Each structure stands twice: as structure tokens, then as C-alpha cells.
There are 2 protein chains.
Amino acid sequence: MTGHITHASHLSGNSDRSPAVSIRDVARAAGVSHQTVSRVINDSPKVSRATREAVLAAIDQLGFRPNRAARALAGGPVQSVTVLGSNTSLYGFAAPLEGVEEASRDAGFGMGFRALESLNPADMRDAVERAIEPAGALIVIAFDQAGAMALECVPPEVPTVAMIQAPSSATLPGRPSVWIDEFAAAKEATEYLLGLGHATVHHLAIPSWSAATRRMEGWRAALEQAAVRPPNALQGGWTAQSGYEAGCKLAKDSRVTAVLAGNDEIALGVMRAMHEAGRRVPDDISVVGFDDVPYARFFSPALTTVRQDFKTLGKVAFHKLLELSHSGRTAPTLASPQAQLIIRESAGPPPRSGPRGRQAIATPLGTRPDTGPNSHDEGEENDR
Amino acid sequence: MTGHITHASHLSGNSDRSPAVSIRDVARAAGVSHQTVSRVINDSPKVSRATREAVLAAIDQLGFRPNRAARALAGGPVQSVTVLGSNTSLYGFAAPLEGVEEASRDAGFGMGFRALESLNPADMRDAVERAIEPAGALIVIAFDQAGAMALECVPPEVPTVAMIQAPSSATLPGRPSVWIDEFAAAKEATEYLLGLGHATVHHLAIPSWSAATRRMEGWRAALEQAAVRPPNALQGGWTAQSGYEAGCKLAKDSRVTAVLAGNDEIALGVMRAMHEAGRRVPDDISVVGFDDVPYARFFSPALTTVRQDFKTLGKVAFHKLLELSHSGRTAPTLASPQAQLIIRESAGPPPRSGPRGRQAIATPLGTRPDTGPNSHDEGEENDR
DNA sequence: GTGGGTGATGTGACCGGTCACCTCTCCTCC
DNA sequence: GGAGGAGAGGTGACCGGTCACATCACCCAC
């Protein structure tokens, strides 16, 4: 209530320590020993109801907050996590981060972040060590190779949860991990495209350091179920740029009428490439993305995509970590929020008489190409 | 070289402390006192050359790393920062974060992140306190109201650098802050649009809790210089959704032929709204964005926008913080990387005979509207 | 020759928690 | 009625750094 809180803050070692309220102050106020206060703030069962309440009252009155540094030093529960990932501006990395942050905040935990830049093993080991040191617990965004490599550098005794693309990949056995099961959604998306009449669906995959992604498996399963031989999946990058580059190649192949892109940025790049090549989306070619970034519905055409609940993924990862630290190390792996197909405008039936010939000359990025008129209205909004 | 490093890691207070190498181990190995080691790792001048080298050798050999917690506890230099901001998935917030992370990593600092969710003063105060506690130093992303409010809650003795929109706004005097001076670029963008022949340029602003943003001032300056009375700036949000909503209104006003949007997502929303209203970009209406998000060049039309070097902004903020902590509190405010107009496709001359009538009926988001053909090729790529 | 710098180093307390271990009380059971 | 436990609480050391202060050698000036 009163709670004047003073800060002992200084980057450099100045000497203006302010007398922050400590466990012993609380003890004095409550008429108990400092150890009893420690027991109370750690929910030890060995404190009587009356004493606990007295201590809690004192804590409240003095505005006491346990000091993270002291606690860490003394080997207590550290109460903070470091997230390790290679990127923060990609939505697929930023959104889970947001989820972890929210969950950690709710739990009174601190959250740190460390980026992975180099793939060099020594650097990687170093980055992991630096990440472990302040927090003692890790959440690794292991969607990409950097994250997967980092995961391998983490000593087994460090409480760690990995966010991964697929459970089958080279995750250490027993290492708790969370993922979004995109198999069903990828399958559904592919079936949706086949259902629109496409002879086949091409897949422009996000990078995968191990075998295949779940979304790739779902895509393949749908094709096989429809007795279509899956074309080779194209290995792409993470960015719109990579989608654009791949799209430029795909645009030249007139058999390509439907593309399932590895994420929404890639899908945007593909659409741009098609646009430049004079192939209209969705009239000539259908494009479906992955993620449902917040701005995907404002593309023209609005992107049909598979929504992923990344934020919840982050929250689940954090809670997994909590569970791991509470109940020993008895946490296996766990699937989390389902993905969901969001139908918008970027996919439609294939062109009537097979793919028609290119009608505009492919122009390099930066010149405004023509856009032909079009006139039908399938593709209902299925949003929200 | 050898450097076996052990981790004293546990979330819950288990007792498997591993004997991490401490300052006293190093002292023993080097045949000096622990205090001398402390002096060496803190670059104290009061150590002889020979001793310093012996200690450094021992440090290297044992793979010693100072313990952050112990250091913080003892009141030494904390060597970590917390970034406080309201969002991580918006590019304008994520990119500076990335810059801070990189700079902090290079300096051997830890980086934490805390999100601001509630605008409630009590919650805000609480969030700030929690952010200060573990690191002792703050970087506040104060582009939006939440950040600005947080800034006001920070006690003056806490080393803090603010990233702000404009220096004139309600920043506490003397509080070091960094910003990108967008005045010139906003002016240039507006002049560019006027130069294309537009009678006026409308501005759809990002939220600003204080008077005006620099970009708004630049926009106004260009108009005034051209003897055009600036129309009222529209207050928007941060997202594509908000741009879309505002765009729907703008589309109805036939005098609007050029829009300077507060950021690229807003610009996308505006373009979408125009598209639905049957107003072609750039033929009927020109749209210019702000930020140059990595995918902006893949929009159709590719977005003409003002590039901001957010990453460098983050780095500058961090270095400012370092400087602040080293050389007392003698850091005033400082302008940082210039913004730059990137010309792509989304802006062009206004329609010949004044804005032509709407040719398609405005349709709600989700129905695929027509796109008319178009045929000219201004708008050169000025990219990279 | 002695007092007083100054530069290099050592000593011990301390930061604010936790841990291991001890004490004291009260209850139960043989 | 005394051994044995369980429950509640206290005591002091300790984590790994830093700080304030003491020490010691050495040089210079009076």
C-alpha cells in the first residue's frame, strides 16, 4: 500500500546504494527470523498459518520484492528465462516471443533474449553459454538450423524447452519441445486446392535442416491420397525475397497452377513474381500461405493461408518450462494449438483450358506490369 | 583454450551446484589476491602490467567468466539492459530491438525484454519496476503512448535511454533519447508527390500522444512551402487494419489523390481499401509508406516508402546507454540515422482530368473486386 | 632521518538471498 | 515415562563478486 520502493541501480559501480528492503527487514517487522521469511516467499509448507500471514503482511507493508541477483547467487529458483532465436523481425519468430513474454510476465519471471547470428560451432557454443548464464533456463526457437544447432549445444542439465517445426526431427530424445501440428492444416489446404480443380499443388518449403516439415508431410499426404504424384518440394528461404526468387522460376513452368508457400512472406514474394510474369492470382495461379500474419488479409488478393497460433505456442513453451522445473524432469514432448485454414482470395480454380500462355513479358521488379481485368467471385472470406 | 565450463543451472532450488570457476580460483592460480583479479576484470589502472598479464592468463586458462548475479548483488556494473516496449511483432518495434540485441551482445551485455500491456498507471509503474530490477538499466521504446507513459514512471536515477518519435515531444529534459530524423525524408516524400502533380497530399498519421510527429511536420512543411494548405492529418493506428479503415473513408473523398501513410502496414491497408473501392494505385491514387519493411517491395504495386534504419537506431540507443553509464550522466539528446525515400511503384501522377469517378462499387473485404487494366510506366525503382 | 606522498596489493566485511543443520515443542506409542 | 517423530522455527555459513580500508615498498623533500 505505502510501498516506497527504492532502486539500487547503476551500470557502473557507483556507490549510491539505496537501502532496498530486504528479507531481514521483513523478518524484523514480522518478529521472525530471516529464514522464516525465506520460507514464506518460497511457499515452504513448514510455516504455520499464523506466521505466514504475519510475514505476508509485513512483506506487503514494506513493499518487499525478492532480489533476483541474490537469489540466483544463492542458488535459489532463478525466475527468469532466456529465449534463444535467430530473428526477431520475422513474424514466425516474433509472435512466439510475444507469447513467452506474456506468460513469463504473468508468472513473475524475467525474460531475456539472445540472437543467434553465426552458425560457427564455437560461436554457437559461446552464445548458448552466455544465454544460460544469467537465467539458468532456456527456450530455444528451433524452427531453423541455427536454433537446432543451438539446442545441441545446451548441456542436458539446463532446463530447456524447444520450439520446433516437427517432433520427428533430430530433437534430443527426452528434451521437452512444443510445436504446432500443421500436418492436418497443410493437408486440408492442399485438399482445398485440389478440390478447386488443380491437377497438382506445388510446395515452396521453408528451410528445414532435417528431413521434412510437418506441413510438407501434410501436403504430400493430401496429394498421395488423391493419387497425385507429389512434385519435388522446392527449398526456399524465410523471406519474401526468397519467395520472389523461387516464384520467378515457378512462373515459367506452365504446369504450375497452385502453390503452397512455406509462409506468408514467401507467398507474397511468389505473388509478386507471378504478377510480374503476367500470371494473375488467383485466376491463373493459386497461392496459399502459412502463418496468417496480421497484414495477410490486406494483400491484393487477400491471402488464403493457414493460421498458426504462435503466441499460444510461446505461452505453452513457457508453461512447459515451469512444469519441467517444478516436477523434476518428467516432461516428454507435447503437441500444441492446431493450425487452421483461412480461406480468402488468393486461391481459385485453375484456368479453364489448362494454363494459358503468358500474356505479358516478364519484367524485372520495379517496373509496373499490366494487370488484366477479371470477373468472378469465388473465394469467400472465412475469416475470424 | 581448455575452458571446461560448468553450469550452475536450476530453476527450482535443487542442490546440484557445480563448482563454476570464481574470482578466487583465478586468484589462486595467478598467485594474487581475489581483489586484484577483480581489479583486472574491471580495468582498474592500479594494477601493474606484469600482474595484469598473469591474471589475464589465469582467466583465460580457467575459462573464467564473471558471475552476473554476484556482480549485481555486490553493486558492481550490472552489464545488462532491459528493453521496454509495447510490441514485438510490429516491424518498427522489432527491428530496433534487434539492433539493441546485437549491440548488447557485442558489448557482453545481457538483454531482457518486457512488454507494456496496460495503460493503467499502477500497472505501468509496476511493469517499470519489474523491468528495472534485474538489469538496472533501461531502453524504452517510446514511439507510442505506452512507451511514453512508461518513461515517465522511471525514477531519474535509473540509467535510461528512450527511443522516441520526435525530440520536441514530452520527453523529460535531460533524459537521453534517440530518434530518427524523418523530417527531411517526410518533406522529400511529400515534395515528390507534389512534384508528380498532386494538388495536395493527405497524411494518415501513426498515433502520437503529444503534439505531432516529425514526419507530420515534414509533410506540413512541404505543403506550406508549396503554398498548399495542409489538410487535417488523419489519426490512425499502427496496423494494416487501421490503415484499411481509414482508407475506406479516404476512398470516398474524390479530392484525395495522394496519401502519405504513417507506416508500411498502414499503407498496405490503404491500398487494399482503395483496391476495394475501385480506385487504382497508383493510377487513381498514390500511396507512400514509412519504414520500408522487408516485404514492402513485394507488394503489388511495390511500395514507395521512406526507409528507416531501425536497427542502427537500436544500436545507437545501446551505445548511448553505455556512454551514459561510463561518463556520468552527461549525455544530452542525439539525432541518429537519416531516413531515405525509396521510390518504387505505388506513387504516380494524379489522374488526368481530376480524379475520375469510382468505377467499381465498394465491396467489403473478402470479395474479390475488379482490377482495371493500366498502362504507363513511371515510378522507377530506386532501391538498394 | 623522518614525514609524507603514491602506486601496487591484500584483508575482511558485505550485498540479499538460500542451504544445511540445530533447537524446541508437542504428540504418539510401546 | 522415555524413545522417536513430525512440525515450526532459528542460526550461521556461503554463493561470487565489490567496497572500504589497511598494508607495504619505494621515492622524494625537508
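Which polar side-chain atom lies 3.5 Å from a base oxygen of DNA strand C?

1. Ground rules for this predicted model: local features need pLDDT of at least 70, side-chain atom pairs count only at pLDDT 80 or more, and totals for chains, interfaces and linings use all residues. Residues are numbered from 1 along each chain as its sequence is written, chains are lettered from A and ligands numbered from 1 in the order in which they are written, and side-chain values use heavy atoms, with hydrogens and water left out.

2. The atom in question belongs to H34(A). Chain B has a base contact to look at too: a polar side-chain atom of R39(B) sits 2.7 Å from a base oxygen of strand C. On the backbone side, N67(A) puts a polar backbone atom 3.4 Å from a phosphate oxygen of DNA strand C. (Polar contacts here are N or O pairs within 3.5 Å.)

3. Elements giving two or more residues to the surface near DNA strand C are α1 (23-30), α2 (34-41) and α4 (68-73) of chain A, plus α2 (34-41) of chain B. Helices are DSSP runs (H or I, at least four residues) and strands likewise (E, at least two).

4. In total, 33 residues surround strand C, with R24(A), S38(A), N42(A), T36(B) and T51(B) the closest; "near" means a heavy atom within 4 Å. They split into 13 nonpolar, 15 polar (Gly counts here) and five charged (Asp, Glu, Lys, Arg). Of the strand C atoms within 4 Å of the protein, 55% are sugar or phosphate and the rest base.

5. Away from the DNA topic, β9 (286-291) and β10 (304-307) of chain A pair in the parallel sense over four bridges; pairing takes at least two DSSP bridges. V288(A) has T304(A) as its bridge partner.

Methods:
A polar contact is a pair of N or O atoms within 3.5 Å; within protein, one must be able to donate a hydrogen and the other to accept it, and residues adjacent in sequence count only if both atoms are side-chain atoms.
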